[in-house]
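This briefing goes through a protein model one topic at a time. Keep the structure in view while reading the points.

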Amino acid sequence: MSVSDGHGSPRITRRAALGRGVGGLAAAGSLPALLAACGGSSGSSSPAQSGGSLKGTLVLLSYPGWYGPKEFADFAKLHPGLHVKSEVSGTTGAAATLAQIENNEGAYDLSLGGVPTAAQLSQAGQLAPLDIAKIPNLKLVGETFRKALPWAIPTDFGKTGYAYRKDLVSERPTSWHDLFALAPKYSGKITMLKYDTDIQGSFLKALGYSVNTKVQSQLQAMQKQMLSFKPHLQAILETDYSKGLIEGTVSIAIDYDYDVAAAQAHNHNIVWVPPTEGMAAYVEGWYAFKSSKHLDAVWDLMNFHLEPKNYASFINYTGAAYVEPAAEKYILKRIIDDPALRYDKQNLARVEFEGYLGPEQAAYRAKLWEEFLDA
Amino acid sequence: MAVQLTSEPNAPAPPPDPGRRRFAVRVAGRQLLALPGVGWTVLFFLAPMALLLVYSFGSVNLLTLHVEFGWTLSNYTQIGQALYLQPIVRSLALSAAATLACLLIGFPVAYTIARASGRRQALLLLGVMIPFWTSFVVRTYGIYDVIADNGPIYSILHSLGIVHGYIHVLFTQYGVGIGVVYTYLPLMILPLFVSLERIDPSLLEAAGDLGATSARTLRRVILPLAVPGIIAGTILVAIPATGEYVIPQILGGDTTLLFGNVVSDQFEDIGNYPAGAAMAIALTAVLLIVLMFLRSRSYKAEAAVA
């Protein structure tokens, strides 16, 4: 078996941004590669393995460079004749990924994605319900994540908070309201990541509302708050969220947990803030397509991925926040001890996962986002 | 070959003219040579444009993202909203400013190259073209580092004492402008060079002999003869600059929404292909009108030069 990345040169994705999170200071992917080298090898004690009986090619739609070199090679040792091909989802946008799936029906066996994509595909009748009996390792995943993403095996999650440079910011902010209060003082020295649902969700949490609210007045209040914050922004960044923070050209950045954790390795003055009002979070995982002709192999691959040693290897490679506490003994101490990444009940209590709100709400929020960008 | 409209049963057919046949074969051969280019254009330009046009009259199911083809004009009418008009105006303004800047910077460069000779000219031309050897995105990231707050330009100006305070260019409209001008400048210089190189030096000598100053020679002789190059350069710079969305994303920090970004968002983030298609078609139509106007001016200028 061999692993082949898909074709073309993808645009920058949220995941790809992880590799580039340290900006131009480190070569893309070098940190994950280093972590992978330090990480334990992925074992092959999958309880659901079916020996060499599974044949064919499994096509996984995923981010580029998201899996270590051993991820599928070890799985192949269990299943000679079974080929896992990792195709690249070519763009940042969830809609574009959906369109890619829609336009290539039957081309993929499984895909990596978050709640909105999975829910939308499920409602469109494209997903195969998980065969939980064939994925016994799923029970090792935290219940919160299983509930948030019932169509898939959760693989990782991310929170949107903010980070600041303690040598450049004299105050010690702990909440979204602290950030808003500091914005005029640090005007032009603040950046924000460009991902509509995460930013809108963060501002909703800041105002005490649900990330998934459909209440018009609450959304309007959110928009008002965002618009009043915008003049203080230096940039709304598609990638390299923490580059300015590392270099000192930015004092505060609204950012993802994993990106801040990676940035802290380059500058110890960077402080992660999980705002007290709460955080919007995404959870993502692998879901299977109904059209797959290899569903047994898909369940087996999923179970293999969640095997603690294998899962730890994946987390050590990506540096993402993990969803499987059972794998902690194999996960790098640096990740477990990181306040942004560790499986922390206090942190989890502050998190609200983004759900799928339906096409009308999604369109409405997209319009609000465009108005925000246009302002 | 002569066409025989009526035939007499017993009249012998005229012998074929071998010269004409060879000519016809040569013409057909030449036309065949154009086939790959034509096929490429049809397949990868005209067909996608036709597809976009069809999409632009359709509607999308935002749950399944299935496009239902129809004849609705709603995708076009929504372009009139302020939300979309502002980015259009910004894009056109950016394009116009960048084109003007390219012309002002590019003209002296092109003139210098045109007046150089031999190896020096080849080296100068190479200098203009070298940036094209690097990927567009890499070049843009190169500019990113150059204009960064703590980048080399700031460091040099600061160390020379020219700048004392803090200058901020990256993530501003100026940053975007610098990026667009840097990227498209060679596309202005090259056609200008072609036009300027064609100018017969004896015309300039004659102007001088007749007492024209350098400024008057430039205004009355060089500029009129360079009009075809100016128009070609304007087309090459203004059209891609209007739809530009990568440079604003990288150098503008997305604080300013341009029309290219709006179109891109419709396809990538919202999944509303018909709306994105309508916007792309509308922008193409505007650019086509500008292009046709400039081409007609170009033909007139070329005729005048001839």
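Glu371(A) counts as partly exposed because its relative accessible area is 33%, a value that falls between the 20% limit for buried and the 50% limit for exposed. The model is a predicted one. The points below begin with Glu371(A), which lies in helix 16 of chain A, and then turn to two buried residues, chain A as a whole and the contact between chains A and B.

**Glu371(A)**

- Helix 16 of chain A, which holds Glu371(A), spans residues 359–374.
- Beyond its neighbours within four places in sequence, Glu371(A) is in contact with Gln223(A), Leu227(A) and Leu83(B).
- Pro274(A) is 97 residues away from Glu371(A) along the chain, and the C-alpha atoms of the two are separated by 27 Å.

**Two buried residues of chain A**

- Gln120(A) sits in helix 5 of chain A, a helix made of residues 115–123.
- With a relative accessible area of 8%, Gln120(A) is buried, because the limit for that class is under 20%.
- Residues up to four places away in sequence aside, Gln120(A) touches Leu98(A) and Tyr356(A) in chain A, and Leu62(B), Leu63(B) and Leu65(B) in chain B.
- Ser292(A) is placed in a loop of chain A, between strand 9 (279–288) and helix 12 (295–306).
- The relative accessibility of Ser292(A) is 10%, so this residue also counts as buried.
- Apart from neighbours within four places in sequence, Ser292(A) is in contact with Asp109(A) and Val298(A).
- Ser292(A) and Leu110(A) are 182 residues apart in sequence, yet their C-alpha atoms are 7.8 Å apart in space.

**Chain A as a whole**

- Chain A has 375 residues, and buried residues make up 61% of them.
- Its secondary structure consists of 16 helices and ten strands.
- Of the contacts in chain A with a separation of 6 or more, 78% are between residues 24 or more positions apart.
- The average pLDDT of chain A is 84, and 85% of the residues score at least 70.
- Over residues 1–52 of chain A, pLDDT stays under 50.
- The model has 131 contacts beyond four places in sequence for residues 1–52 of chain A.
- Where pLDDT is low, predicted coordinates should not be read in detail.

**Where chain B meets chain A**

- On the chain B side, 35 residues are in contact with 38 residues of chain A.
- The two chains bury about 3,000 Å² between them, and 50% of that area is on carbon and sulfur atoms.
- Leu63(B), Leu83(B) and Glu268(B) supply 22% of the area that chain B buries against chain A, more than any other three residues.
- Two of these residues have appeared above: Leu63(B) touches Gln120(A), and Leu83(B) is in contact with Glu371(A).
- Between chain B and chain A there are three salt bridges.
- One salt bridge joins the side chains of Asp254(B) and Lys194(A), at 3.0 Å from N to O.
- Seven residue pairs, with both residues at pLDDT 80 or more, are in polar contact between the chains.
- On chain B, helix 3 (82–115), helix 5 (136–147) and helix 11 (259–270) each supply at least two residues of the side that touches chain A.
- Helix 11 of chain B gives the most to that side, with eight residues.
- By class, the side of chain B that touches chain A has 16 nonpolar, twelve polar and seven charged residues.

Conventions
Residues are numbered from 1 along each chain as its sequence is written. Chains are lettered from A and ligands numbered from 1 in the order in which they are written. Side-chain values use heavy atoms; hydrogens and water are left out. Contact means heavy atoms within 4.5 Å. Buried area is the accessible area (1.4 Å probe) that two parts lose on being put together, summed over both. A salt bridge is a side-chain nitrogen of Lys or Arg within 4 Å of a carboxyl oxygen of Asp or Glu. A polar contact is a pair of N or O atoms within 3.5 Å; within protein, one must be able to donate a hydrogen and the other to accept it, and residues adjacent in sequence count only if both atoms are side-chain atoms. Helices (H or I, at least four residues) and strands (E, at least two) are DSSP runs, numbered from the N terminus. Ala, Val, Leu, Ile, Met, Phe, Trp, Tyr, Cys and Pro count as nonpolar, Asp, Glu, Lys and Arg as charged, and the others, Gly among them, as polar. pLDDT is the predictor's confidence in each residue, from 0 to 100. Buried means under 20% relative accessible area, exposed over 50%, partly exposed in between (1.4 Å probe, protein chains only).
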